[in-house]
Every structure is written in C-alpha cells, then in structure tokens.
Amino acid sequence: MLERNLILDDDREEVSEETLLSYTFRNRGREIKEEYEKHKKSLKSARTIMLVIAILGLLADIFLLANDPYTDGVSWAIVAGYFSIMIGLYVLSFRQPLLAFVIFLILFLGMWILSILGSTDEAYRGIFLRGLAVFLLIKGAVSAGRVQGTRKELVSRYLHEREREEREQATE
C-alpha cells in the first residue's frame with residue numbers, strides 16, 4: 001500500500017496517513033476512522049467522475065471539430081488546452097481536492113456558457129447530462145471539503161496528543 005504524507009498548512013511537519021489513522025483508532029475509536037474512510041471513498045468516486053467528464057468532453061469536442069468544415073488549428077489548440085487543464089485539475093485533486101473541484105466546476109460551467117453564447121442551439125443540447133455533471137461535481141466538492149476538514153482536524157489532534165506525550169516523557 002502506498003503511503004501518502006499529509007502536510008500541515010505551515011509545512012513544518014509531515015504526518016503519514018497510516019500514522020494518523022492508527023492514532024485515531026487507538027485514541028478516538030472506530031467511528032472517526034470509518035467516517036474518514038467513507039469520505040475518502042466518496043472522494044475517490046468523485047475523482048473518477050471528474051476524469052470521465054474530462055474524457056467525454058474531449059471526445060465530444062473531437063467529434064464536433066472533425067465534422068465541422070470550418071475548423072482551424074486554433075480550435076484544436078483550444079480543445080487540447082482545455083483538456084490539459086482538466087487533466088491537470090484531476091491530478092491536483094490528489095493534493096488539494098477542494099480547490100481542484102471548485103476550479104473544475106467553474107471551468108466546466110464557463111465552457112458551457114461560452115458554447116451557449118456561440119450558438120443558442122447549444123443551450124438545451126445535453127442539458128440533462130450537463131446538469132448531472134454539475135450535480136456530481138458539486139457533490140465531489142462537498143466530499144473533498146469533508147475529507148480536507150477531517151484530515152486537518154485529525155492532524156491537529158494527533159500533533160496535540162504527541163506534544164502532550166512528549167511533555168509527559170520529559171517530566172519523568
């Protein structure tokens with residue numbers, strides 16, 4: 001199993017996820033660990049949805065551009081850049097999930113609005129799938145926020161408990 005490091009906001013110290021979860025299990029019981037694992041599982045599903053949305057968007061854009069006789073190199077460059085940004089946000093979601101989901105959602109909605117401004121026929125095309133994508137991205141952002149919040153709380157409690165144990169050992 002790969003061990004990921006959790007970095008504190010001030011980058012003073014790293015706490016491995018395995019250490020953090022073993023501390024949680026030892027000191028706070030199984031319920032916190034289960035809650036954290038549930039949020040992480042939900043976040044993993046949301047990341048998969050993010051990747052699927054990016055790939056489906058790329059495939060749809062390629063299909064539309066390939067069938068448009070007026071397509072130029074600039075259009076292909078825009079699609080490539082947009083897809084690259086979306087994949088970059090997917091990768092960022094492993095480090096800063098909430099930030100990645102919020103930016104992904106803003107870009108997704110922005111491109112939808114730009115497509116509507118370009119052609120009013122686009123306003124209703126795929127509205128149910130796009131609405132579902134927005135819903136799932138919002139749900140992913142909520143999961144990301146919960147994971148980050150729980151992680152920060154657990155790191156804080158772990159460090160506080162470790163400092164207390166070190167003070168007790170120093171006084172002995």
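**A walk through the helices, starting from a loop**

Let's start at serine 93, which sits in the loop that joins helix 3 to helix 4. This is a predicted model, so take everything here as a reading of that prediction. How buried or exposed is serine 93? Its relative accessibility is 0%, and since buried means under 20%, serine 93 counts as buried. Look at what is around serine 93 once you set aside neighbours within four places in sequence: the contacts are Arg47, Met50, Ala100 and Phe101.

Now zoom out to the whole chain. What does the chain contain in the way of helices and strands? You'll find 5 helices and 2 strands. Read from the N terminus, the order is β-β-α-α-α-α-α. The chain has 172 residues, and 30% of them are buried. As for the outside, the chain exposes about 11500 Å², with carbon and sulfur atoms supplying 61% of that area.

How about contacts along the chain? Take the ones with a separation of 6 or more: 62% of them involve residues 24 or more positions apart. A couple of residue pairs below show what such a separation looks like up close.

Next, the pocket. There's a general idea to keep in mind here: if you roll a probe the size of a water molecule over the atoms, you see where empty space is left. In this model the largest pocket holds about 1300 Å³ of space. Its lining counts 35 residues, and the ones closest to the pocket centre are Gly57, Ala60, Asp61, Leu64 and Arg130. Which elements give two or more residues to that lining? They are helix 2 (30-66), helix 3 (73-92), helix 4 (97-118) and helix 5 (127-171). Helix 2 gives the most, with 11 residues. By residue type, the lining of the largest pocket splits into 23 nonpolar, 7 polar and 5 charged residues.

Staying with helix 2 for a moment, have a look at valine 52, which is part of that helix. Valine 52 has a relative accessibility of 41%, so it counts as partly exposed. Follow the sequence 81 residues from valine 52 and you get to alanine 133, yet in space the two are 9.8 Å apart, C-alpha to C-alpha.

Then hop over to helix 4, where you can pick out leucine 98 and isoleucine 103. Leucine 98 is partly exposed because its relative accessible area is 32%, which falls between the 20% and 50% cut-offs. Isoleucine 103 is partly exposed too, with a relative accessible area of 31%. If you check distances from isoleucine 103, its C-alpha atom is 9.9 Å from that of isoleucine 85, with the two positions 18 residues apart along the chain counted as their separation.

Leucine 98 is worth a second look for its contacts. Which residues does leucine 98 touch, leaving aside neighbours within four places in sequence? The list is Ala141, Ala144, Gly145 and Gln148. Leucine 98 and glutamine 148 are 50 residues apart along the chain, and their C-alpha atoms are separated by 7.6 Å.

That brings us to glutamine 148 itself, which lies in helix 5. Is glutamine 148 buried or exposed? With 18% relative accessibility, glutamine 148 is buried, because the cut-off for that is under 20%. Not counting residues up to four places away in sequence, glutamine 148 touches Gln96, Pro97 and Leu98. What does its side chain do with glutamine 96? The two side chains make a polar contact, at 3.3 Å. A polar atom of the glutamine 148 side chain also lies 3.4 Å from the backbone nitrogen of leucine 98. So to picture this spot, put glutamine 148 of helix 5 beside leucine 98 of helix 4, with the glutamine 96 side chain in polar contact as well.

Methods: Residues are numbered from 1 along each chain as its sequence is written. This is a predicted model: local features need pLDDT of at least 70, side-chain atom pairs count only at pLDDT 80 or more; totals for chains, interfaces and linings use all residues. Side-chain values use heavy atoms; hydrogens and water are left out. Helices (H or I, at least four residues) and strands (E, at least two) are DSSP runs, numbered from the N terminus. Buried means under 20% relative accessible area, exposed over 50%, partly exposed in between (1.4 Å probe, protein chains only). Contact means heavy atoms within 4.5 Å. Accessible areas come from the Shrake-Rupley method with a 1.4 Å probe; for residues, only the protein chains shown count as cover. On a 1 Å grid over the protein atoms alone, a cavity is a set of points where a 1.4 Å probe fits but cannot get out, and a pocket is an open set with protein on both sides within 12 Å along at least five of seven lines; lining residues have an atom within 4 Å of a point. Grid points are joined across faces, edges and corners, and a volume is the space filled by probe spheres set on the points. Ala, Val, Leu, Ile, Met, Phe, Trp, Tyr, Cys and Pro count as nonpolar, Asp, Glu, Lys and Arg as charged, and the others, Gly among them, as polar. A polar contact is a pair of N or O atoms within 3.5 Å; within protein, one must be able to donate a hydrogen and the other to accept it, and residues adjacent in sequence count only if both atoms are side-chain atoms.
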